[in-house]
Amino acid sequence: MVIFETERLIIRKFSIDDWKDLYEYLSDESVVKYEPYDVLSEEACRQEAKNRSENPAFLAVCLKESSKLIGNLYFEQQGPKEFLTWELGYVFNPAYQHKGYATESCREIIRYAFEHFKAHRIIAMCNPENSASWRLMERLQMRREGYFKKKAFFKRDEKGEPIWHDSYEYGLLAEEYHKK
Ligand SMILES: CC(C)(COP(=O)(O)OP(=O)(O)OC[C@H]1O[C@@H](n2cnc3c(N)ncnc32)[C@H](O)[C@@H]1OP(=O)(O)O)[C@@H](O)C(=O)NCCC(=O)NCCS
C-alpha cells in the first residue's frame, strides 16, 4: 500500500519481505553508530522487518524507479495526545546518502503532519557528533532548541559502564512551518 509519493520516492509501510534491504544497511557499523542498537544479523533483520510491518511509526523509503528500499523514517506522536507533538527519526543506506533522499522524504512527512495531523510541534534529537543528522534537521528548517549534557546512553563500555552522550534537540512549530 502506497502512503506517500514524492518526486523520486515512495514512502510506505514495511513488509516482512523488506528484511534483505534492511540488512544491507543495518549490518553496517557506520549506520548504527548513533542508534540505540548494534549491527543486526540477517536473522535479526527478518524479525525487525516483521516488527516494523506491525508498527506504523516506521516507514520504508523506496526509490520510485526500482522500488528498492533505501532507508527508513520513524515518526511517532509523543507526550499527551493534545500536545500534537511528533518525533522524527531517519536511517539511510550509505549507498543512498548524500543524494537528498533523506531530506525529500522527511519534508513530505513534515508537510503531511502539519497539514493533515494539524501537528503543533515536530521534534528530532541527535548526538552533536552526528553532524549529518543535525545538518539534515537544519535543511528541514528545524531550530536547535537545546543541548543536553550526557542525556542518554545506548551502549556500554567493556566494564559494563554506560557511555553517556550529549544530545541536541531540534524543533519546528506549525507557525514557523506555515510562515516559510
Ligand atoms: C542522518 C542521515 C539520514 C542524513 O543523510 P544525508 O544523506 O546526509 O541526507 P540527504 O539524503 O538529505 O542528503 C543531503 C546531502 O546530499 C547533498 N545532495 C546531493 N544531491 C542532492 C539533491 N539532489 N538534493 C538534495 N541534496 C543533495 C546535499 O548537499 C547534502 O550534503 P551536505 O550534508 O554535505 O550538505 C544519514 O547520515 C544516515 O542515515 N546516518 C546513519 C543513521 C543516523 O545516524 N541517523 C540519525 C540518528 S539521530
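How many residues does helix 4 have, and what distance does helix 4 reach from its first C-alpha to its last? In this predicted model, helix 4 runs over residues 101-116 and so has 16 residues by the run-based assignment of helices, and the distance from its first C-alpha to its last is 22 Å, close to the 22 Å expected at 1.5 Å a residue. Just after the helix, the backbone at Lys118 takes a positive phi of about 55°.

Many residues of this helix are buried, and the list begins at its start, with Tyr101, Ala102, Thr103, Glu104, Ser105 and Cys106. Further along helix 4, Glu108, Ile109, Ile110, Ala113 and Phe114 are buried as well. In general, an α-helix has 3.6 residues a turn, so residues three or four places apart point the same way.

Ser105 is a useful residue to look at in detail within helix 4. Its relative accessible area is 0%, and because buried means under 20%, Ser105 counts as buried. The side chain of Ser105 also makes a polar contact inside the protein, reaching the backbone oxygen of Ala102 at 3.0 Å.

From helix 4 one can step across to strand 5, where Leu88 lies. Leu88 has a relative accessible area of 2% and is therefore buried. Its partner for comparison is Cys106, one of the buried residues of helix 4; Leu88 and Cys106 are 18 residues apart in sequence, and their C-alpha atoms are 8.0 Å apart in space.

Which parts of the chain surround the ligand, supplying at least two residues each to the shell? Strand 5 (85-92) and helix 4 both do so, as do strand 6 (121-126) and helix 5 (131-139). Of these contributions, helix 5 gives the most to the shell, with 4 residues. The ligand itself sits in the largest pocket. Of the 20 residues around the ligand, those that come nearest are Tyr90, Phe92, His98, Thr103 and Asn130, and Thr103 is also among the buried residues of helix 4.

The backbone takes part in the polar contacts with the ligand. A backbone N or O atom of Tyr90 lies 2.8 Å from a nitrogen atom of the ligand, while a polar backbone atom of Phe92 is 2.7 Å from an oxygen atom of the ligand. A polar backbone atom of Lys99 is 3.4 Å from a nitrogen atom of the ligand. On its own the ligand has 950 Å² of accessible area, and the protein covers 72% of that.

Another residue to follow is Tyr25, which is found in helix 1 (residues 19-26). With 0% relative accessibility, Tyr25 falls under the 20% limit and is therefore counted as buried. Tyr25 and Val91 are separated by 66 residues in sequence, yet their C-alpha atoms are 8.6 Å apart in space.

Strand 7 (residues 143-156) offers a contrast in exposure, and Lys150 is placed within it. Is Lys150 buried or exposed? Lys150 has a relative accessible area of 56%, and because this is over 50%, the residue is exposed. The phi of Lys150 is near 45°, which is a positive value in a residue other than glycine. Lys151, which also lies in strand 7, has a relative accessible area of 39% and is therefore classed as partly exposed. Lys151 and Ile70 are 81 residues apart in sequence and 30 Å apart in space, taken from C-alpha to C-alpha.

A positive phi is found at Ser67 too, where the value is near 70° in a residue other than glycine. Ser67 belongs to the loop between strand 3 (58-63) and strand 4 (69-78).

Terms used. Residues numbered from 1 in each chain as written. Predicted model: local features only at pLDDT ≥ 70, side-chain atom pairs only at ≥ 80, totals over all residues. Heavy atoms only, no water. Expected span 1.5 Å × (residues − 1). Buried < 20%, exposed > 50% of the residue type's maximum accessible area, 1.4 Å probe, protein only. Near = heavy atom within 4 Å. Polar contact = N/O pair within 3.5 Å; in protein donor to acceptor, adjacent residues only side chain to side chain. Areas by Shrake-Rupley, 256 points an atom, 1.4 Å probe, with all protein chains shown as cover. 1 Å grid on protein atoms, 1.4 Å probe; cavity = no way out; pocket = protein on both sides within 12 Å on 5 of 7 lines; lining within 4 Å. Sits in = over half its atoms within 2 Å of the grid points.
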